[in-house]
Amino acid sequence: MELIPTPLNAESEMRAKLQDTDIIGIILWIFRAVILVLVVWGTIAALLDNPYSTRQWLDFIVFGIAQGSMYALIAIGYTLVYGVLFMINFAHGEFFMSGVMTATVFLAGPMAASGFLNRNPILSLLIITLVSMAVSVLVAVVTERIAYKPLRKAPRLVPLITAIGASFFWQYFFRGLFGSEVKPFPQLEILTGTIPFLGTDILKTHVVVIIVTIIMLVGLNFFIMRTKIGKAIRAVAEDKDVAALMGIDVDRTVTITFATGAAMAGVAGVLFALVFRQVHFFMGFIPGIKAFTAAVLGGIGSVPGAAIGGFFLGMFESVGPALFLEGLGIPAPHQLKDVIAFTMLVFVLIFRPQGILGERLSEEKA
Amino acid sequence: MAMLEVHDVHAYYGNIHALKGISITVEEGEIVTLIGANGAGKSTTLKTISGLLKPRQGHVHLNGEDLAPFSAHEVVYKGVSMVPEGRGVFSRLTVSENLDMGAFHRSDRGGISADMERVFDLFPRLEERRTQVAGTLSGGEQQMLATARALMARPSLLLMDEPSMGLAPVLVESVFDTIVDINKEGTTVLLVEQNAHMALQIASRGYVLQTGEIVLKDSAEGLRENPTVQKAYLGID
């Protein structure tokens with residue numbers, strides 16, 4: 001029921017609203033203009049006084065795509081869950097961490113020590129990835145069933161706070177289990193070194209990251225678009241009551257949605273470990289927030305949006321500092337890649353909350 | 001034994017007492033209609049049958065079995081299918097994906113594709129648009145799709161919530177013709193309608209709802225000739 005305001009209230013409310021939007025509007029325009037000027041100025045300066053060779057620019061781009069691949073895989077989980085529950089699952093970064101932590105401690109470490117890892121690298125990686133996915137899925141399903149499901153009908157802020165709590169719970173659970181020190185992820189001999197590509201050399205690990213991500217995204221697209229369960233996920237995302245009237249078990253479908261996102265995060269965890277060669281109980285936090293940024297950037301709720309947002313964010317982070325910060329005379333611009341990422345999050349939220357591919361979603365479902 | 005027996009059902013939305021002791025029976029093979037004004041509790045009655053809303057008191061029996069322990073998706077397995085109010089097609093899914101969802105709980109591939117052919121015979125327009133996203137269909141086509149989708153579950157009891165709503169008069173005629181066809185093929189229909197005039201032409205019996213209570217029940221003919229019904233629902237003075 002909407003209360004009808006008295007005319008007096010309505011008028012003064014309207015006036016206040018107008019004044020508000022005016023001031024906010026002007027500030028936003030100034031903001032926009034300043035950033036635009038800075039970016040353009042920085043870019044021009046960087047290009048005039050180009051401190052990098054073409055090869056270095058190519059390296060930035062390749063690194064951006066590889067980094068963006070991982071963001072894309074993690075972002076899928078945010079976007080899928082948002083699509084069906086309109087909830088931001090801030091514990092998703094922990095799903096990413098849990099799988100690869102467990103696989104590193106129980107598998108990768110011992111396998112490397114026994115020499116099995118480098119004797120059967122492909123088989124080992126396959127096993128490590130499957131175990132990582134399985135643990136991530138298990139953690140996700142447990143979280144969903146215990147922490148989120150009872151809150152399905154609660155106001156939207158409640159599951160959000162619960163998600164933050166769940167995130168802390170899993171961080172300290174895994175810290176308790178595996179300790180707080182940084183654990184090395186063993187180096188695979190077949191993945192050391194580079195391969196030549198377009199006049200530059202690409203790290204083999206980056207090639208693996210990009211290829212695996214493409215395979216996973218194609219597989220996910222098939223799952224969501226073609227299979228019966230994928231169609232059910234889309235049906236539940238649109239209308240839970242009608243989905244139930246079709247005989248779709250909504251609770252089960254929601255659980256499958258969480259599991260799908262977590263499986264992607266489990267793979268992303270292994271790719272992350274291959275590139276950075278270490279794991280830690282807190283490793284899910286920053287990539288989780290970054291992937292959330294990527295999902296918002298692409299248009300949260302949209303699966304292709306999450307993928308595109310991930311690649312974009314990786315690219316911005318990697319090319320951005322050299323392109324628009326270096327030219328402004330900022331020292332050590334690459335230290336500031338996180339600043340670029342989070343500035344972008346704020347700007348997307350202010351200027352284009354629906355993201356790159358966002359449809360009417362934000363109006364309909366907000 | 002009646003196919004559907006709704007006995008003294010009380011249902012609430014929060015604290016609002018929406019249904020105050022509704023009793024309805026539907027025999028196999030019938031078309032039964034519930035008529036009444038907006039907010040009388042017609043849709044709520046269908047929701048309590050389909051399991052979307054659980055009655056706080058009273059019971060719903062289908063072929064003698066109490067439906068209370070079953071959630072909405074399990075009631076579908078029992079042979080009850082619903083065309084929801086406002087059609088409720090999945091607007092981002094294609095026409096054929098919507099139909100697949102109708103047959104979600106079935107696994108007999110042969111039967112499903114035979115039923116797909118059958119609903120395309122019934123609604124040739126849908127076959128032309130099978131790869132189109134449902135959100136781009138016209139209102140009449142969406143109604144066809146919602147009906148076709150419910151039929152894909154091969155229901156023994158079809159619940160229809162205001163199938164004529166928002167449709168041009170010509171389309172209303174064809175929707176009601178289809179309901180008669182579906183019924184002739186052996187599906188029992190419980191029809192909720194504001195368009196009492198049309199509903200009482202195809203139904204065998206009807207109930208009149210008013211503020212959550214049944215105020216009248218009779219054969220369709222009896223209701224058509226009832227002066228109160230004529231005045232309140234048929235627009236005849």
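**Exercise 1. Identify which residues A268(A) touches, not counting residues up to four places away in sequence, and place A268(A) in the nonpolar core.**

Step 1. Two residues are in contact if their C-beta atoms, placed from the backbone, lie within 7 Å. Leaving out residues up to four places away in sequence, A268(A) touches M70(A), L73(A), I74(A) and F96(A).

Step 2. The model is predicted: local features need pLDDT of at least 70, side-chain atom pairs count only at pLDDT 80 or more, and totals for chains, interfaces and linings use all residues. Residues are numbered from 1 along each chain as its sequence is written, while chains are lettered from A and ligands numbered from 1 in the order in which they are written.

Step 3. A nonpolar core is a set of buried Ala, Val, Leu, Ile, Met, Phe, Trp, Tyr and Cys residues joined through C-beta atoms within 7 Å. Buried residues have 20 or more other C-beta atoms within 10 Å of their own, exposed ones 12 or fewer, and partly exposed ones fall in between. The largest core holds 169 residues, and A268(A), L73(A), A75(A) and V267(A) touch the most other members. Helix α2 (residues 54-85) of chain A contributes the most to this core, with 16 residues.

**Exercise 2. Describe the overall build of chain A.**

Step 1. Helices (H or I, at least four residues) and strands (E, at least two) are DSSP runs, numbered from the N terminus. Chain A has 14 helices and four strands.

Step 2. The radius of gyration of chain A is taken over C-alpha atoms, and the globule rule is 2.2 Å times the number of residues to the power 0.38. The value of 23 Å is close to the 21 Å that the rule gives for 366 residues, so chain A is as compact as a globular protein of that length.

Step 3. Of these 366 residues, 45% count as buried.

**Exercise 3. Determine which elements of chain A give two or more residues to the side that touches chain B.**

Step 1. In this pairing, 16 residues of chain A are in contact with 20 residues of chain B.

Step 2. The elements in question are α8 (228-238) and α9 (240-245) of chain A. α8(A) gives the most, with six residues.

**Exercise 4. Classify D8(B) and E162(B) as buried, partly exposed or exposed.**

Step 1. D8(B) is found in strand β1 (residues 4-13) of chain B. D8(B) counts as partly exposed because it has 13 C-beta neighbours inside 10 Å.

Step 2. E162(B) is found in the loop between β7 (157-161) and α7 (169-184) of chain B. With 22 C-beta neighbours inside 10 Å, E162(B) counts as buried.
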